[in-house]
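Colleague: Could you take me through how the helices pack and what fills the interior of this model?

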Amino acid sequence: MRIVGIGVDATEIERVKEMCEKHPESFLERVYTPLEREYCVARKKGMAESLAARWAAKEAVMKALGVGWSHGVKWTDIEVETNFSGAPSLNVTGRAKEIAQELGIREWKISLTHSRTEAIAFVVASGDE
């Protein structure tokens, strides 16, 4: 496998928390998929951290794709899923998936973490040799 792109992003948890408080429904629906909203809201105490980590992941994917939001990618085209053991994985759809296919991306690796103030996501996009 060859690395097609990498991306990293740090997001302030407080900023995401403020967006949730100011525009709860519109913000959550515009940025997060139903699956992401369900997962994060269920985490009650860690909701802001989980949302911020997913925001950072979406930004990191855009960096790995080498494009910005002006290329027709929606926030909800990038989804962070959590498997039974708690490990995150990525699902790209829509325009993000089209760009990934054009670049030959076949696999995504993601790592998420957070401190008390920031959430960080690191993404590696790989394809065939």
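Colleague: At what angle do helix H3 and helix H4 pack?

Modeller: This is a predicted model, in which local features need pLDDT of at least 70, side-chain atom pairs count only at pLDDT 80 or more, and totals for chains, interfaces and linings use all residues. Residues are numbered from 1 along each chain as its sequence is written, and side-chain values use heavy atoms, with hydrogens and water left out. With helices taken as DSSP runs (H or I, at least four residues) and strands likewise (E, at least two), numbered from the N terminus, and with axes fitted to C-alpha atoms, for helices over the stretch in contact, and angles running from 0 to 180 degrees between N-to-C directions, the axes of H3 (residues 34-42) and H4 (residues 47-65) lie 7 Å apart, at an angle of about 145 degrees.

Colleague: Which residues of H4 does H3 meet?

Modeller: Contact here means heavy atoms within 4.5 Å. From H3, the residues taking part are Glu 36, Tyr 39, Cys 40 and Val 41. Their partners in H4 are Met 47, Ser 50, Leu 51, Arg 54 and Lys 58.

Colleague: Why do the buried residues of H2 line one face of the helix?

Modeller: Counting as buried what has under 20% relative accessible area and as exposed what has over 50%, with partly exposed in between (1.4 Å probe, protein chains only), the buried residues of H2 (residues 24-31) are Phe 27, Leu 28 and Val 31. They line one face because, seen down the axis, the directions from the helix axis to their C-beta atoms fall within an arc of 95 degrees.

Colleague: Which exposed residues does the face of H2 turned away from its buried side carry?

Modeller: The buried residues of H2 pack against H1 (13-22), H3 and H4. The face turned away from that buried side carries the exposed residues Glu 25 and Glu 29.

Colleague: Which element gives the most residues to the largest nonpolar core?

Modeller: A nonpolar core is a set of buried Ala, Val, Leu, Ile, Met, Phe, Trp, Tyr and Cys residues joined through side-chain atoms within 4.5 Å. The largest has 22 residues, and Trp 108 is among those with the most contacts inside it. Of the elements that give two or more residues, which include strand E2 (78-82) and helix H5 (94-103), the one that gives the most, with 7 residues, is H4.

Colleague: Which residues on the other side of H1 are exposed?

Modeller: In H1, Ile 13, Val 16 and Cys 20 are buried. On the other side of H1, the exposed residues are Glu 21 and Lys 22.
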